[in-house]
Amino acid sequence: MLIRRPSDILPSEITPEAVYRDRRRLMLQAGLAASAMGLAGWSGRQAFAQTTGVKLAAQRNGAFVVMDKPTSQKDVTTYNNFYEFGTDKGDPSDHAGRFRTSPWTVAIEGEVKKPQVLSLDDLRKLAPLEERIYRLRCVEGWSMVIPWTGYSLAALIRRVEPTGNARFVEFVTAVQPDTMPGLRTRVLDWPYVEGLRMDEAMQPLTLLTFGVYGETLPNQNGAPVRVVVPWKYGFKSGKSLVKIRFVEKQPATSWVKAAPQEYGFYANVNPNVPHPRWSQASERRIGEDGLFSPKRKTLMFNGYGDQVASLYAGMDLARDY
């Protein structure tokens, strides 16, 4: 019998308290749903997991490409956090097959001179699509390297002309109760909401994202449009966006509301500020580092300090975590 010491347990294996409280009820619901669906439902999920997206025409932008080896497409599309589809890493790829992504619109609201509702086609055509290879660091202590397709969110922001009162940008994720089984849990207060300060949203690294590995986003990766903020922990990168709001006050984001002592609004990758339940000084690269392989040292701002450190000049990054 293998007895594991606390120091051997990976952060990604530690269940958040809110998830633990609801896990038993979720498992019961999932079992009942599986029985109702029968083998046909299971086959459908497996078929979805193997389906590729539509190719996206994009030019690689060498200014936004890290030299790390990209994580495999299989790992990127099957190891996910997307609690609307379940709390286990395989739940999104297993359960997101029925999620409806067409037709799709994104409402631009709040402190802007040109509020509007844009279709997915309108959004894709707003600026030339680029392929960028970014590091992704999860707050749980694991990481990936992912080739995304999109363009700087700043292009959209300039088009809608924020007013002088717009100090933050709020992102709201879709809610489809009939296709998102995780919405029946009490893990978070739905819909999922994230936010950035305006200067963070305007930073060229912040990507309005439509694809991964040269194809349209799979449902489990935030289809059909999401945001990617590579110097922050992954939960800051809102998926399946239906609203982008420009607001004067800091948004009440989902994880800050659920557990403010663990998940801060800024969520900058910082090896010097531990999570209350584990260190952030190192990370496990999915698909490369085995359970007993040495971990990688985590880079300040996930390695993007030259581009973004000036945004936080004079701030206490331990207090404003």
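The exercises below, each with a worked solution, concern a predicted model of a protein chain.

**Exercise 1. Describe the overall make-up of the protein chain, from its secondary structure to its surface.**

Solution. Begin with the secondary structure, where the protein chain has eight helices and 13 strands. Next consider burial: of the 321 residues in the protein chain, 53% are buried. Then turn to the contacts between residues at least 6 apart in sequence, of which 74% join residues at least 24 apart. Finally, the protein chain exposes about 15200 Å², and carbon and sulfur atoms supply 55% of that area.

**Exercise 2. Establish how strand 4 is paired, in which sense it runs against each partner named here, and how far it is covered.**

Solution. Take strand 1 (residues 59–65) as one partner: strand 1 and strand 4 run parallel and are joined by three bridges, with glutamine 59 standing opposite glutamate 130 in strand 4. Now take strand 5 (residues 142–152), which runs antiparallel to strand 4 and is joined to it by eight bridges; here isoleucine 133 has proline 147 in strand 5 as its bridge partner. The connection between strand 4 and strand 5 is a hairpin with four residues between the strands, and glycine 141 in the turn has a positive phi of about 105°. As for cover, strand 4 (residues 130–137) has seven of its eight residues buried. Two arginines complete the picture: arginine 132 lies over the face of phenylalanine 64, at 3.8 Å from the ring centre, while arginine 135 has its charged end over the ring of tyrosine 304, 5.6 Å from the centre of that ring.

**Exercise 3. Work out which strands stand at the edges of the open sheet of five strands, and why one side of each lacks a neighbour.**

Solution. Write down the order of the open sheet, which is 3-2-11-6-7 with mixed pairing. Strand 3 (116–119) and strand 7 (193–197) stand at the edges, and because each has a single partner strand, one side of each is left without a neighbour in the sheet. Neighbouring strands of this sheet are turned by 20° against each other on average, direction ignored. Within the sheet, strand 2 (residues 105–110) and strand 11 (residues 241–247) pair in the parallel sense over four bridges, and isoleucine 108 stands opposite isoleucine 244 in strand 11. Last, place helix 5 (residues 153–160), which lies across strand 2, strand 3, strand 6 (168–173) and strand 11, running at about 140° to strand 3.

**Exercise 4. Classify the aromatic pair of tyrosine 79 and tryptophan 142 and that of phenylalanine 85 and phenylalanine 99, and locate the residues along the chain.**

Solution. A search of the whole structure finds 13 aromatic pairs. Tyrosine 79 and tryptophan 142 have 5.0 Å centre to centre and 85° between the planes, and the pair is edge-to-face, since planes over 60 degrees apart count as such. Tyrosine 79 is in the loop between helix 2 (73–78) and helix 3 (91–95), whereas tryptophan 142 is in strand 5, 63 residues apart. With 4% relative accessibility, tryptophan 142 counts as buried. For phenylalanine 85 and phenylalanine 99, the ring centres are 5.6 Å apart and the planes are at 85°, so this pair is edge-to-face. Phenylalanine 85 lies in the loop between helix 2 and helix 3, and phenylalanine 99 in the loop between helix 3 and strand 2, so the pair ties together parts 14 residues apart in sequence. Phenylalanine 85 and phenylalanine 99 are both buried.

Methods: Residues are numbered from 1 along each chain as its sequence is written. This is a predicted model: local features need pLDDT of at least 70, side-chain atom pairs count only at pLDDT 80 or more; totals for chains, interfaces and linings use all residues. Side-chain values use heavy atoms; hydrogens and water are left out. Helices (H or I, at least four residues) and strands (E, at least two) are DSSP runs, numbered from the N terminus. Buried means under 20% relative accessible area, exposed over 50%, partly exposed in between (1.4 Å probe, protein chains only). Contact means heavy atoms within 4.5 Å. Accessible areas come from the Shrake-Rupley method with a 1.4 Å probe; for residues, only the protein chains shown count as cover. Two strands pair if DSSP finds at least two bridges between them. Axes are lines fitted to C-alpha atoms, for helices over the stretch in contact, and angles run from 0 to 180 degrees between N-to-C directions. Rings of Phe, Tyr and Trp (its six-membered ring) pair if their centres lie within 6.5 Å; planes under 30 degrees apart count as stacked, over 60 as edge-to-face and the rest as tilted. A charge sits over a ring if NZ of Lys or CZ of Arg is within 6 Å of the ring centre and within 35 degrees of the ring normal.
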